[in-house]
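This report looks at the aromatic rings of one protein chain and at how they are placed relative to one another. Please have the sequence and the structure at hand while reading.

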Amino acid sequence: MIKSSPYITLLAFAVLFFAMQSCVKTGDWQKVKQLQNDTVYPEKATGVEINITDSGHRIAQIHSPLMERYSGKNPYLEMKKGVKALFFNKQGVKENQLDANYAISYESEKIIEVRNDVRLENVKGERLNTEKLTWNQATKKIYTDQFVKITTVDEVIYGDGFESNQNFTEYKIFKIRGILSLKDTKTDSSTNVDSIY
């Protein structure tokens, strides 16, 4: 029986390891490293509440049941189970509220996109309903090319395409489909309440 010393075993292992290393081309190792850098491993958090401040003042509060952050070459944050965001002025008064069933934030581009039953309400009580809304943090604009419904105190406006400042206080609809006056319906419904029953 042949006895091998630990040094011979270690030397054999080292020779085998370096032999395997030399069989792989330098370009292949670079591809492996690139693949590792691009591979996306999510960091998950549940029951998330994020407070965003500016100069010591809370300007936003974001709630999501599930938040996943994907690192890699183009990092992004995804909220697959929905998001609720509250926006405040410097006095701490709530100005806007956003609700959606899905959200994704592209960190390098500073773009946030919300989808599926998007609801946005401003300080004046005006409501926007759509299926997709994008917020460009660099330009401080929110916009969509989808169908929109805006409900104000006096009317409901239907259209395709929308752009606004990020506070949703100054906006325009690109292709208006129709306008329903709520003044007429309020007058009609108040005078004919008995006829409904």
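## Aromatic contacts

In this predicted model, R58 lies over the face of F88, at a distance of 4.1 Å from the ring centre.

Turning to contacts between rings, a search of the whole structure finds 7 aromatic pairs. In one of them, the ring centres of F147 and Y158 are 6.3 Å apart and the planes meet at 20 degrees, so this pair is stacked, given that planes under 30 degrees apart count as stacked. F147 belongs to strand β9 (residues 141-151) and Y158 to strand β10 (residues 155-165), so the pair ties together parts that are 11 residues apart in sequence. F147 is partly exposed, with a relative accessibility of 36%, and Y158 is also partly exposed, at 27%.

An aromatic pair is also formed by F168 and Y171, and this one is tilted, with 5.2 Å from centre to centre and 35 degrees between the planes. Here F168 counts as buried, because its relative accessibility is 0%, whereas Y171 is partly exposed, with a relative accessible area of 25%.

The two pairs described above can be set out side by side.

| Pair | Centre to centre | Angle between planes | Arrangement |
|---|---|---|---|
| F147 and Y158 | 6.3 Å | 20 degrees | stacked |
| F168 and Y171 | 5.2 Å | 35 degrees | tilted |

Elsewhere in the chain, ring pairs link three tyrosines, Y70, Y76 and Y106, into a cluster.

Note on methods
Residues are numbered from 1 along each chain as its sequence is written. This is a predicted model: local features need pLDDT of at least 70, side-chain atom pairs count only at pLDDT 80 or more; totals for chains, interfaces and linings use all residues. Side-chain values use heavy atoms; hydrogens and water are left out. Rings of Phe, Tyr and Trp (its six-membered ring) pair if their centres lie within 6.5 Å; planes under 30 degrees apart count as stacked, over 60 as edge-to-face and the rest as tilted. Helices (H or I, at least four residues) and strands (E, at least two) are DSSP runs, numbered from the N terminus. Buried means under 20% relative accessible area, exposed over 50%, partly exposed in between (1.4 Å probe, protein chains only). A charge sits over a ring if NZ of Lys or CZ of Arg is within 6 Å of the ring centre and within 35 degrees of the ring normal.
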